[in-house]
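Colleague: Hi! Could you walk me through this one? I'd like to start with how the chains meet.

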Amino acid sequence: MNEEIKLSWKGKIHMSSSELFVGRVISKEIKNQELSVILEGKDLKTDRFKLFYLDSTDRLEDNSLSNIKGLNDIEIGDIISVKNSKIRSVYRTKSNNNFIFATIRCNSNCLMCSQPPLDVDDTLENYLIWNYTIDLLNNSPRHLTITGGEPTLLGERLVLLINKILDKFPDLLITILSNGRMLALENVIDTLSNIRYRKNVVFAIPLYSDVYKIHDHIVQAKDAFYQTCLGIHKISSLGFPVEIRVVLHKLSNPRLLSLSKFIHKNFPFVYHVTFMGLEIIGYTKANKSELIEENTTMAEENLLASLKFLSSWKYNVSIYNTPLCHIPESLWSYAKQSISDWKNSFKPECERCLMKKDCSGFFTWNIKYAKVKPFLEKP
Amino acid sequence: MEINTLRKEFRKFQNLEYYNDLISNNIKLLPFNFKRLNSGKELLISMVGDYLIAPNGTVNYLLEKKIDKISESLYFDLLSNHIISDSDDIKSLELLANRYRAKKTNAFNFAQLHIFVITLRCEHTCQYCQVSRVSQNKEKFDFSHLNLFKGINLMLASPEKDITMEFQGGEALLAFDLIKDAIAYTKKKAKLVNKRINYVICTNLAPINNEILEYCKLEKILVSCSLDGHEELHNDNRKRPGRNSYSLVEKGLNLSFDIVGRENVSALMTTTTLSLQHPIKIIDEYRKFGFNSVFLRPISPYGFATKNKNSNYQTVEFIKFYSKGLDYILELNRNGEYFKETYTSILLKKILTAYSENYVDLMSPSGLINSVIVYDYDGKIFLIDEARMLAQMKDFTFQIGTVDDNWETLLSNPIIEKIGDAGVNDYIAGCSTCAYNIYCGADPVLHHATQGDMYGFRPDSSFCQRNMSVLDIIFNKIDNEPDTLEIFKSWVNNE
Ligand code: SF4
Ligand code: SF4
């Protein structure tokens, strides 16, 4: 996980008998600028209830982690997991955009991956954490995203989690961020067909080109294009809504309009097409020269033509995570503020900008590279 | 492995060439058809109906595998429009299968339109009509209650859940009481088998009155009327004592708009020789009544319609008429008025979207059986409305039985197998290599009637001539007039 997002912390373990603990924050105290947090929950291996202590100072007590930096983000009601000396925030009660982190594994390896995958089997662990987290939830999340890695690698367990949380909160809307490749497989489709609330579960699937090799190159996986295309057909024919996500960068920009036409002809049933700004984090940093667009005029023209094409065919289209001063005014009506609460940041110059209240700002981790042109007069 | 070494392992990225399936220019052609446009450019159409307009010479380069002569962006377009494949194993095969199925979904349906010729009686003696009778003899020319209910039972025993029941004539409203009985019976029975029925009454509007319209409103019945054009033309085409057909339509339409609402009233025209000179007047007539579409419809070249001097014209003349009308309509749209031509719109939906339109003449496999069934006043069952005209001339080829039969007997009629063969244009001589076959139909009935052979001979088939010409007009416009494409889109989108 990324340090910037403050979703994981490390500390010094002391006398813990649990291998994997999940609990809810029941108290948070600040004394002399030192923080101590008490969790109430369960050791998932032994199925025993207990308390767990997190501290920013040294604390020598059973079931505790000490010397943790930057715990301030934690709030009462949050759900936290502890494994060895590592703490992860599982559920944030105040957030609009909670997510199930299904696995760090992925069958693709996209050039611009913000969350680079690892070949570690964490699927059982993540399942156990969320299986218990759902029990701990008192209120429905406003929205839930299932992400990874590739969530469908969770298989049957993904279905169990989705059915369990939707049994409890039948009005909840879930978005699964899947690369769609596994969905081309009949057995995966069979498994997913056991999800009981299909209309509540949107599959948000990325497609970066209408040409197989460009897409395969971007996601660094052979035949990924054909698998994803077929996956989109198959998951949609089960009745799940499908959203197509396109990340804008130097490799996807040139054929953006052709991709939009391809979507119209091959996936006319999609309920939303979203264009997203590039996140300069994870792999992107390593592939900057390949990904960062220099020909911004061409990119803007193609984006505008694509949005016009898709909306003329009545598709629901949006641009996410792109600040208003980076796109021509004609595209503003498509620009959405990101639903996530921890991704948006602004530069100091933005304070002077008249458009700030309508602007999505930047991914926090893009700020370093970002240039802004504040609007000082009403455009 | 340590996490950090794993990270490094993952960071070895491959370049674009690594993902290229193409080995030494050895491209594979997927099934596609092509045609030259007026501009000299080539129109390539894939097996699922995605079209591409490419520079002169493209097809040749593809055939000769001279892909170095093709620009990279065109090459990518050819790939993504399913015209070529880079590898031997066509990896998009299942995707294409789904697309093809979507384009042909109508073939998986059974008839949704069930036409009941409730009476043959009519007070009009229209130029092109060959079946109606001016008569008071209800016994002889109306559906008997017994046959009517048998027909309805058959309709309700057919597989579709959503059914349109259309009452035709003669003049259907001369048998209004019978229609009421039919609807009452259908409503009662449909509930038991859980089907939704929409009702349509086709009428010349002469007998329409408040009572009938109030009933239509109550039962949510759509009113479909005949309107051939301006007063003089309409009265010439649609003869009746007093020569007042037009004024009756005018009165009837306004009354219908008032009572059942505009959205529940539609009008249909038939083109006679007299109409050919007046495309613009006809369109203006439709606009005058507030309609925002017109269906420029040629006469069915069957039976004694073709023997009448005002019904006998060449397809070329019709195409001139259509083309003039279409240009006028496009001009209206350019000036901000939404108005569409229905036949063009049906084709456009097939051209511009992944889907199709359920229009019986333009289907392959042909729309017989899977689109419409006709119950004639005397209990005969036909595959299509036009078959009644053939029957009038003692040709019963397309009669599959009577209301006394059950579906098993009706559908085991040998004609159905023949249609299964002659109704698929993918392998009809002429059509199989035609650029337009994915958008076009087969129409075995028309070819049987006009050429004595259900497969037909395309070089002098009026069906082929009409569709080829209309599609040529459409594609040359798409090629040359970018603003027309936007208008076309708005027609498909219905707004
Ligand atoms: S200057 Fe800042 S607030 Fe204004 S449009 Fe740019 S990013 Fe948004
Ligand atoms: S009927 Fe004519 S236009 Fe239609 S597919 Fe056959 S050859 Fe082509």
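Modeller: Happy to. About 3,500 Å² is buried between chain B and chain A, and carbon and sulfur atoms give 60% of that area. Do keep in mind that this is a predicted model.

Colleague: Why quote an area at all?

Modeller: Because the size of an interface is often given as the accessible area lost when the parts come together.

Colleague: Fair enough. How many residues of each chain are in contact with the other chain?

Modeller: On the chain B side there are 39, and they are in contact with 37 residues of chain A.

Colleague: And how many salt bridges are there between chain B and chain A?

Modeller: The count is 5. One pair to look at is B:Asp77 with A:Arg255, which form a salt bridge whose closest N and O atoms are 2.6 Å apart. The interface also has 21 residue pairs in polar contact, with both residues at pLDDT 80 or more.

Colleague: Which helices of chain B supply residues to the side that touches chain A?

Modeller: At least two residues each come from α1 (3-10), α3 (72-80), α4 (93-103), α13 (342-352) and α19 (482-492) of chain B. Of these, α3(B) gives the most, with 5 residues.

Colleague: What's the mix of nonpolar, polar and charged residues on that side of chain B?

Modeller: It divides into 17 nonpolar, 10 polar and 12 charged residues.

Colleague: New topic: helix α2 of chain A. How many residues does it have, and how far does it reach?

Modeller: Helix α2(A) covers residues 156-168, so to speak a run of 13 residues, and spans 19 Å from first C-alpha to last, close to the 18 Å expected.

Colleague: Which of its residues are buried, and what covers them?

Modeller: The buried ones are A:Leu158, A:Val159, A:Leu161, A:Ile162, A:Asn163, A:Ile165 and A:Leu166. Their cover includes helices α1 (123-136) and α3 (186-192) of chain A, along with strands β10 (144-147), β11 (174-177) and β12 (201-206).

Colleague: Next, A:Ser236. Is that serine buried or exposed?

Modeller: A:Ser236 counts as buried because its relative accessible area is 18%, under the 20% cut-off. This serine sits in helix α5 (residues 224-237) of chain A. Leaving aside neighbours within four places in sequence, A:Ser236 is in contact with A:Val242 and A:Phe269.

Colleague: Last one: where is B:Thr409?

Modeller: You'll find B:Thr409 in helix α15 (residues 407-411) of chain B. B:Thr409 counts as partly exposed, at 43% relative accessibility. Its C-alpha lies 33 Å from that of B:Asn98, a residue 311 places away along the chain.

Conventions: Residues numbered from 1 in each chain as written. Chains lettered and ligands numbered in written order. Predicted model: local features only at pLDDT ≥ 70, side-chain atom pairs only at ≥ 80, totals over all residues. Heavy atoms only, no water. Helix = DSSP H or I, 4+ residues; strand = E, 2+ residues; numbered from the N terminus. Expected span 1.5 Å × (residues − 1). Buried < 20%, exposed > 50% of the residue type's maximum accessible area, 1.4 Å probe, protein only. Contact = heavy atoms within 4.5 Å. Buried area = accessible area lost by both parts, 1.4 Å probe. Salt bridge = Lys/Arg side-chain N within 4 Å of Asp/Glu carboxyl O. Polar contact = N/O pair within 3.5 Å; in protein donor to acceptor, adjacent residues only side chain to side chain. Nonpolar A, V, L, I, M, F, W, Y, C, P; charged D, E, K, R; others polar.
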